[in-house]
Amino acid sequence: MSQVQMAPAATAAMLEEKIRSRRARVGIVGLGYVGLPLAVEFARAGFSVTGIDVSSAKTDRVNAGDSYVGDVPSDVLKPLVESGKLRATADFSAVLELDTINVCVPTPLRKTKDPDMSYIVSASQEIARYFHAGLLVILESTTYPGTTDELVLPMLSKSGLEVGQDFFLCFSPERVDPGNPKFQTVNIPKVVGGVTPMCTEMGRLFYAQALEHVVPVSSTQVAEMVKLLENTFRMINIGLANEIALMCDRMGINVWEVIDAAATKPFGFMPFYPGPGLGGHCIPIDPFYLSWKTKQAGIEARFIELAGYINGQMPHFVLSKVQNALNDAAKPLKGSRVHIMGVAYKRNIDDVRESPALDLLLLLRQRGAEVSYSDPFVPVLQMDGLDLRAESPAEAAPGADCIVIVTDHAAFDYQSLVKQASLIVDTRNALKGFQSDKIVRL
Ligand SMILES: NC(=O)c1ccc[n+]([C@@H]2O[C@H](COP(=O)([O-])OP(=O)(O)OC[C@H]3O[C@@H](n4cnc5c(N)ncnc54)[C@H](O)[C@@H]3O)[C@@H](O)[C@H]2O)c1
C-alpha cells in the first residue's frame, strides 16, 4: 500500500486516539441554549473546549464564568473556565487548532415559513476558511433532511479533502429540553448519523466520551429526520389536544379532567395538553422545515399544516375567552386592565421566542386593553412594539380587571392570586383544585 493510500487510515486512527485519550480539542460553534451546555459537558469530561460565537457579549460572559443559560449554573461554568478547560472566542481562526466541531447555530423560519439556512451557511463558510485534515464536524442545528449532505458537505469538500477519510461529517439532532430537571444534555440519548460509516463511528465515539447513551443511525438523513419526527409528533398531538379543548369548550366539558382520566389508560394513550398556543424555538418551527422539504418532493404535509393552523388559533381563542369573561362582568375589553402571568414560552425558563404570550399581548393591545405582565424570568419585554417591565403579581393583581395565566411558572403564588384577583382566565390548568366563580378555564 502506498503512502498516499495509507494516509486516510492514519488520519482516522490519529483522531480516534485523540478522542479516546480526551486529548482532542473540541470546538462548539454557537454558544446558546444548546451549545453552552454541550461545551460544559465536554469540558467536564476532561476535554479542552473552545466555544466560538459571533456574539462577543456571549464570549465575554463565558470567559468571565458568568452563565446566561438557565441549565448551566455559573458555579459549574466558572471552575471550568478558571481551570482552562473551557474558553470562548469570536475568532474562527481557532478552528485551525481544533480536532472536532459541533455546530449549534439557530435555524429559524423566514416570514414566508421557509427555512432560514443563513446561520448554518455562514458558520460553515467560516469553518471552511480554516478547514484542515483530521477534523470531525457534527451539525446539531435542527434542519430539513438532506442539509448535511447537500449543503454542508459541498462547502467542506471544496478543500479537496475526502469525507470519511481525511475528515468526518455527521448530523446529530439536539434534543435538549431547557428547564427539565430530569433530562439534560448528559443523559438524553444522542442520535448520530454520518455521511459514511466511518463518520458515524467517529461521531459515536466522540459523544460516548461525555454523554451517557449514543444511538448511531445509518445516515445523516435518518438523523435529521429523527428530530423532525419527534417535534412533528409533539406539534400535531398538541394540535389535537387544542382541537379537543375547542370542542369541549363548545360542549361545556372540562378538557383537563377528560385528559387526566384518559391518561389513566396504561397503554395506547399519551397525554398532551392544550394551551394558549405553541412557543419556543422548536415545536412551532421544526415541522415547517419538513413540510418545506417534502413540498419539493411533491408531498403536502397536511397534518403539519392543519396542526399549525389550529395551534395558531389558540391565542385568538384565549382572547375571546378574556373578552367573554369581561363582558360577563359587564366590562368591555377596551380600556380594561389585563395582566398576563408568565410570558416565557413554557414554565420555569426565560425563553420568550415564539411565545404565545406575545401574540396575546399584541391582540389585547390592538383591542384597546391596557396590558401588563409578571414573569420572574423575564424582567423586560421589548419586541414587536412592546416595551414592558415585569410587575410583581402582588401589586398588579388587585388592580387588574382580568388576569390571564399564560405560563404556569412554579414560582407563582396561585393561592394569593386567586384571593386578590377579580377574574382569572387559566390557560394552563394551573388552578386545578381551586374552586371559584372567578376562574375561567380553557
Ligand atoms: N433551545 C432548545 O431548546 C433547542 C432544543 C433542541 C434543538 N435546538 C436547535 O438547536 C439550534 C440552536 O438553538 P439554540 O436554542 O441554542 O439557539 P440560540 O439562539 O440560543 O444560540 C445560537 C447561538 O449561535 C450564535 N451564532 C449565530 N450565528 C453564528 C455563526 N455564524 N457562528 C457562530 N455563532 C453563531 C448566536 O450568537 C447564539 O449564541 C437550533 O437549530 C435549534 O432549533 C434548540
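This passage walks through the two sheets of a predicted model, the helices that pack on them and the nonpolar cores. Residues are numbered from 1 along each chain as its sequence is written, and side-chain values use heavy atoms, with hydrogens and water left out. Because the model is predicted, local features need pLDDT of at least 70 and side-chain atom pairs count only at pLDDT 80 or more, while totals for chains, interfaces and linings use all residues.

Take the eight-stranded sheet to begin with. It is open, runs in the order 3-2-1-4-5-6-7-8 and has mixed pairing. Strands here (E, at least two residues) and helices (H or I, at least four) are DSSP runs numbered from the N terminus, and two strands pair if DSSP finds at least two bridges between them. Strand 3 (86–89) and strand 8 (214–217) sit at the edges with a single partner strand each, so one side of each has no neighbour in the sheet. From one strand to the next, the twist averages 25°; axes are lines fitted to C-alpha atoms, for helices over the stretch in contact, and angles run from 0 to 180 degrees between N-to-C directions. Strand 7 (residues 190–194) pairs with strand 8 in the parallel sense over four bridges, with V191 opposite V215 of strand 8.

Two helices pack on this sheet. Helix 5 (residues 118–129) touches strand 1 (25–29), strand 4 (100–103) and strand 5 (136–139), and its direction makes about 165° with that of strand 4; contact means heavy atoms within 4.5 Å. Helix 7 (residues 197–208) touches strands including strand 6 (168–171), strand 7 and strand 8, at about 155° to the direction of strand 7.

Helix 5 also meets helix 6 (residues 147–157): their axes come within 9 Å and cross at roughly 30°. Among the residues involved are I120, V121 and I127 from helix 5, and L151, V152 and M155 from helix 6. The contact residues split into eight nonpolar, three polar and no charged, where Ala, Val, Leu, Ile, Met, Phe, Trp, Tyr, Cys and Pro count as nonpolar, Asp, Glu, Lys and Arg as charged, and the others, Gly among them, as polar.

What about the nonpolar cores? A core is a set of buried Ala, Val, Leu, Ile, Met, Phe, Trp, Tyr and Cys residues joined through side-chain atoms within 4.5 Å, and buried means under 20% relative accessible area (1.4 Å probe, protein chains only). The largest core has 82 residues, of which F42, V49, L86 and L136 touch the most other members. Helix 2 (residues 35–44) gives the most to it, with six residues. Neighbours within four places in sequence aside, F42 is in contact with V26, F47, V49, F206, Y207 and A210. A second, separate core of 40 residues includes F317, A325, L388 and V404.

The five-stranded sheet is open too, with parallel pairing in the order 10-9-13-14-15. Strand 10 (370–374) and strand 15 (439–441) are its edges, each with a single partner strand, so one side of each goes without a neighbour. Strand 9 (residues 337–341) and strand 10 pair over five bridges, V338 having V371 as its bridge partner. Helix 11 (residues 302–328) lies across strand 9, strand 13 (402–405), strand 14 (424–426) and strand 15, at about 155° to strand 13.

Helix 12 (residues 356–366) is largely enclosed by the rest of the structure, because eight of its 11 residues are buried. These pack against helix 11 and several strands, including strand 9 and strand 10. Just after helix 12, G368 takes a positive phi of about 90°.

Methods
Buried means under 20% relative accessible area, exposed over 50%, partly exposed in between (1.4 Å probe, protein chains only).
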